[in-house]
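Q: Please take one part of this structure and look at it closely, then work outwards from there. Plain wording is fine, and each term should be explained once.

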Amino acid sequence: MVRDRVAEFSVEYVQALDEEGNLDETVAPDVSEDRLLELYRLMRLSRRVDERAVALQRRGELGTYAPGIGQEAAQVGSAVALKPEGWMVPSFREGAAFLTRGTPIHRLLWYSMGMEEGAEVSGATFPPSIPVGSQALHAAGLGWAQEITGADEAALAYFGDGATSQGDVYEAMNVAGVLDAHCVFLCQNNQWAISVPRRGQSRAETLAQKAVAAGIEGVQVDGNDVLGVLAVTRDALDSAREGDPVLIEALTYRRSMHTTSDDPRVYRTDEEEAEWERRDPIERFETYLRDEGLLDDERVAAIGEEIEDVIADEIDRAKEGQRQVVPAEMFDYVFAETPPELRRQRAAFESERSRASEEVSDDG
Amino acid sequence: MANELRLVEAIREALADEMARDDSVVVYGEDVGVNGGVFRATRDLYEEFPDQVYDTPLAESAILGLGVGLGAYGLVPVAEIQFASFAFQGFHQLHQHASRMRSRTRGALSVPMTVRTPYGGGIRALELHSESYEAGYAHVPGLKTVVPSNPADAKGLLTAAIRDPDPVLFLEPTKRYRASREPVPEDDHTVPLGEAAVVREGSDVTVVAWGAMLAETLDAAAASDASAEVIDLRTVSPMDSEAILNSVRKTGRCVVVHEAPRTGGLAAEIIARINDDALYHLEAPVERVTGYDVPFPMFAREDAYRPDAERIRRGIERALSA
């Protein structure tokens, strides 16, 4: 009988900026001072958009909203590594990634106002995916298309820890590996899939090792370290552009609720939340930037004020757009050319509504 | 010019012609490459178009999900699912993504994917290889569902499906793959999606069918004493209601035939449309000749399950005697 070890694997963990804001120069990516400040601004902007959106939802001005508070480094750090021509394939909690890609705030708000206008993406960007994990396959398809056409680009898929329990995420990594798809899978392990903890998703020691079964590279990064995430994503995208897909597990924490319909106090402890508050991605980065002399109290306050002004304008713009919603447009984008039955249904809809509004005005 | 081709050969010809015409057309799926497809629909295409034909891992959800990405990127994916019954493993990709991409992004992204898959019974296949689920797909807004019944239409409809900017599910009647050789136009040949065909003119009764049931229906019409007008629906969604209504207004009677189970089947939808717009032309209730509300049986009983010419003929008699 022969017993031999036929394969061995390990998973690397990467951190550039530690919890106290100390930088490991050997890991840190090459980033200009302007870009460092932009990363900081984007993280703060994202957090404020989330906070304001939750408040708007509480006032009944927004539908269900999925805030990404606590995950700003994982999203900003990764999205900024993707070139404009590289495709972003998000799940439903990637507000910070959208903002990094230049999506206007009012468009994000429109989505939560229940308007398709909010998913009217531009550039190499997919709309939010509500089914968990199924979008990973779209990134594999985009990445495969880039391999087929010889494009020097890659697709970046976002999903959470819960999504790694879905067959589609495994299928995506597996086919991407087989087809040399230019694809990076970014798992934001935020520790909770609504109320089920990370350990309730998988007995695997890391989620990054899920790459092993697909034969692609898996790596773990401190997801609250914007510079570490940027460095790892850059490397992964370089690899993907050569036809070698990568799974990144970004260890982070969803500091707020799953969505505005959820109350995390039911399932997690104050101690845990306090522990992750200590590891907050924005505070750590701010400490570093202050130490580097790139920020001071005055600059921090000025950025905050500028962000408040931008958000206020964008909320106004979102509400203005909401007032202009035309219900009959639901018929207009189902097919490139509207078939006869749908044209009939649209006409019937219009005539019923005009009759209804006539009746209302008669009553008046 | 026309070649005498079997239905499966006409499909192969459409794939070859479209790949030659447009190098962004990508044919992919399980066993479609080296093996040429388990039904040989892609025979030799891998050698002819090495950069456009790909074998994929055995994963239906992946095959359909990849198409969403390929299509959004700007390629023209033509995916094969080896048997329609296994498209359920990727149904969510059609329902939740491919069919909705255009409407939910207001046209910013679309998925011009064609999904080819053999469907239906009558070839003594294994369990779960014979289902007809066209009604389920027809219930998905944003998805077109096409079922050819003969070689010429198979080429024309598939060509139109590949050129269509929206996702199309193309159900190929397995039983008809090699049933006959018929003339198929050699040149560029398209059959518009969403248009039914009157394949037999008649004055007493309208019989509506599609796919594998067309041949049985034509046999029934020939065996009947009545003058039966036979309509091949060809595209089951979006449905050509006008073709059905015009015929029913003329004949005053109608029989709808499908292999799928009766409850919730497309016959119910067709009857509802007749009720909406041609009720007062009817001289008798509309008859249904369909499969039964049972799981598609294993092949010792499949002939008992599938409507055949005799059952359809009796359906015609019932419509005429009422």
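A: E80(B) lies in strand β4 of chain B, which covers residues 76-80. Helices and strands are DSSP runs numbered from the N terminus: a helix is H or I over at least four residues, a strand E over at least two. This is a predicted model, in which local features need pLDDT of at least 70 and side-chain atom pairs count only at pLDDT 80 or more, while totals for chains, interfaces and linings use all residues. Residues are numbered from 1 along each chain as its sequence is written, chains are lettered from A and ligands numbered from 1 in the order in which they are written, and side-chain values use heavy atoms, with hydrogens and water left out.

E80(B) has a relative accessible area of 5% and is therefore buried. Buried means under 20% relative accessible area, exposed means over 50%, and partly exposed is in between, with a 1.4 Å probe and protein chains only. Apart from neighbours within four places in sequence, E80(B) touches Y28(B), G29(B), E30(B), V32(B), G37(B), A41(B), T42(B), I63(B) and R116(B). Contact here means heavy atoms within 4.5 Å. D31(B) is 49 residues away from E80(B) in sequence, and the two C-alpha atoms are 9.1 Å apart in space.

Another buried residue of chain B is S241(B), at 5% relative accessibility. S241(B) belongs to helix α9 of chain B, residues 241-251. Leaving aside neighbours within four places in sequence, its contacts are R344(A) and R273(B).

Chain B also has an open sheet of 5 strands with mixed pairing, in the order β9-β11-β10-β13-β14. Two strands pair if DSSP finds at least two bridges between them. At the edges are β9 (197-200) and β14 (287-291) of chain B, each paired on one side only. Neighbouring strands in this sheet are turned by 25 degrees against each other on average, direction ignored. Within the sheet, β10 (residues 205-209) and β13 (residues 254-261) of chain B run parallel and are joined by 3 bridges. V207(B) stands opposite V255(B) in β13(B). Helix α12 of chain B (residues 309-321) lies across β10, β13 and β14 of that chain, at about 160 degrees to β14(B). Such angles run from 0 to 180 degrees between N-to-C directions, and axes are lines fitted to C-alpha atoms, for helices over the stretch in contact.

The two chains meet where helix α5 of chain A (residues 136-149) and helix α3 of chain B (residues 60-73) cross at roughly 60 degrees, with axes that come within 7 Å. The two helices, α5(A) and α3(B), are therefore oblique to each other. Under 35 degrees counts as roughly parallel, over 145 as roughly antiparallel, 65 to 115 as roughly perpendicular and the rest as oblique. The crossing of α5(A) and α3(B) is right-handed. A crossing is right-handed if the near helix is turned clockwise from the far one by less than a right angle, and left-handed if anticlockwise. The contact of α5(A) with α3(B) has 12 nonpolar, 7 polar and no charged residues. In these classes Ala, Val, Leu, Ile, Met, Phe, Trp, Tyr, Cys and Pro are nonpolar, Asp, Glu, Lys and Arg are charged, and the others, Gly among them, are polar.

Chain A has an open sheet of 6 strands with parallel pairing, ordered β1-β7-β8-β4-β3-β2. Its edges are β1 (12-14) and β2 (87-89) of chain A; each has a single partner strand, so one side of each has no neighbour in the sheet. The twist averages 20 degrees from one strand to the next. In this sheet, β4 (residues 183-189) and β8 (residues 246-251) of chain A run parallel and are joined by 6 bridges. V184(A) has V246(A) in β8(A) as its bridge partner. Strand β3 of chain A (residues 155-160) also runs parallel to β4(A), again with 6 bridges. Here L156(A) stands opposite V184(A). In β4(A), 7 of the 7 residues are buried, so the strand is largely enclosed by the rest of the structure. C183(A), F185(A), C187(A) and N189(A) point one way from β4(A), and V184(A), L186(A) and Q188(A) the other way.
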